Amino acid sequence: PVFGGINLEDISAPRCFEIEARLKKELKIPVMHDDQHGTATVVLAALINALKVRGLKKEKAKLVVNGAGAAGNAIAQLLLKFGFKSLILVDSKGAIYEGRPGLDKHKKKLAKLTNKRKVKGGLEESLKGADIFVGVSKAGLLTPKMIRMMNPKPIIFAMANPVPEIMPDEAKKAGAYIIATGRSDFPNQINNVLAFPGIFRGALDHKVRDIMDEMLVKAAKNLAGIIKHPTRERILPDVFDRTVVKAVARAIQFDRIFEH
């Protein structure tokens, strides 16, 4: 009873899904796994502004999420909730599709919602004709050749740390239009510290026990909205921007989640 909420951190999949679900069921305080939902919220905010800069509609955008662990799973679910229609999730064995042998229950659930064309093969096959790459995987997995196979002006979020799936200079040479990483020494850092302090501030202020996806979508919109005129080099606010926590916190309440 002395805790206001629980922020889970650094728990691998699939354990993280079961731990979070059980804590939510047993406790009457907000519980969130930051590596999943914090990351997903910031990725969505970055994509909202990247789409504006790129002039691309979410319904038309083709995405590939590389990495199907805790972060990749949550990112895929939140992007689908936001309204992206074409998404392929790739794990270490290749593209996930309905009926692929060896999928656990979490991947089976996502297989029903993603990769409608049942693309098979690895990352290279999945990226043909894609507009957006979101990497939460390992260093060096994305090559210049793969970027050149994507649609013109691709959006590349290479978030493996400390070494991304492709270095920004390499991605740019290969034709990447907007590039983001998880690092602070490059433009467009995707850092979940932009999300979780505001999420818990809102949950505590508004007595929210269950942090819902609809709230996180609204939080991502509010976070993106801080940047009034996004550019290729600036799609997210700085982590020290004092308006961030308040903007995110406003979204974590029940009477606002179905706005817009």
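Let's start with a piece you can pick out by eye: strand β7 (residues 155–158), helix α7 (residues 168–173) and strand β8 together make a right-handed β-α-β unit. Keep in mind that this is a predicted model.

How do the two strands of that unit run relative to one another, parallel or antiparallel? β7 and β8 run parallel, and four bridges join them. If you'd like one pairing to look for, take Ala158, whose bridge partner in β8 is Thr181.

Stay with β8 (residues 178–181) for a moment and look at where its side chains go. Ile178 and Ala180 point one way, while Ile179 and Thr181 point the other way. Are these residues buried or exposed? All four are buried, whichever way they point.

Now for the charged side chains. How many salt bridges does a search of the whole structure find? The search turns up nine, and a few of them are worth a visit.

Begin with Arg22 and Glu26, whose side chains meet in a salt bridge with 2.8 Å from N to O. Both sit in helix α1 (residues 15–26), and because they are four residues apart there, about one helical turn separates them. This pair is out in the open: Arg22 is exposed at 57% relative accessible area, and Glu26 is exposed too, at 54%.

The next pair joins two separate helices. Lys81 forms a salt bridge with Glu214, and their closest N and O atoms are 3.5 Å apart. Since Lys81 belongs to helix α3 (residues 70–82) and Glu214 to helix α9 (residues 213–225), the pair ties together parts that lie 133 residues apart in sequence. Lys81 is partly exposed, with 42% relative accessibility, and Glu214 is partly exposed as well, with 22%. That value for Glu214 doesn't count as buried, because buried means under 20%.

Lys145 and Glu124 make another such link, their side chains meeting in a salt bridge at 3.3 Å, N to O. Here Lys145 lies in helix α6 (residues 144–148) and Glu124 in helix α5 (residues 123–127), so this bridge ties together parts 21 residues apart in sequence. Lys145 counts as partly exposed at 47% relative accessibility, and Glu124 is also partly exposed, at 27%.

One last stop: which residues are linked in a network of salt bridges? Look for Asp91, Arg100 and Lys107, which are joined in just such a network.

Conventions. Residues are numbered from 1 along each chain as its sequence is written. This is a predicted model: local features need pLDDT of at least 70, side-chain atom pairs count only at pLDDT 80 or more; totals for chains, interfaces and linings use all residues. Side-chain values use heavy atoms; hydrogens and water are left out. A salt bridge is a side-chain nitrogen of Lys or Arg within 4 Å of a carboxyl oxygen of Asp or Glu. Buried means under 20% relative accessible area, exposed over 50%, partly exposed in between (1.4 Å probe, protein chains only). Two strands pair if DSSP finds at least two bridges between them. A crossover is right-handed if, with the strands pointing away from the viewer, the path from the first strand over the helix to the second runs clockwise.
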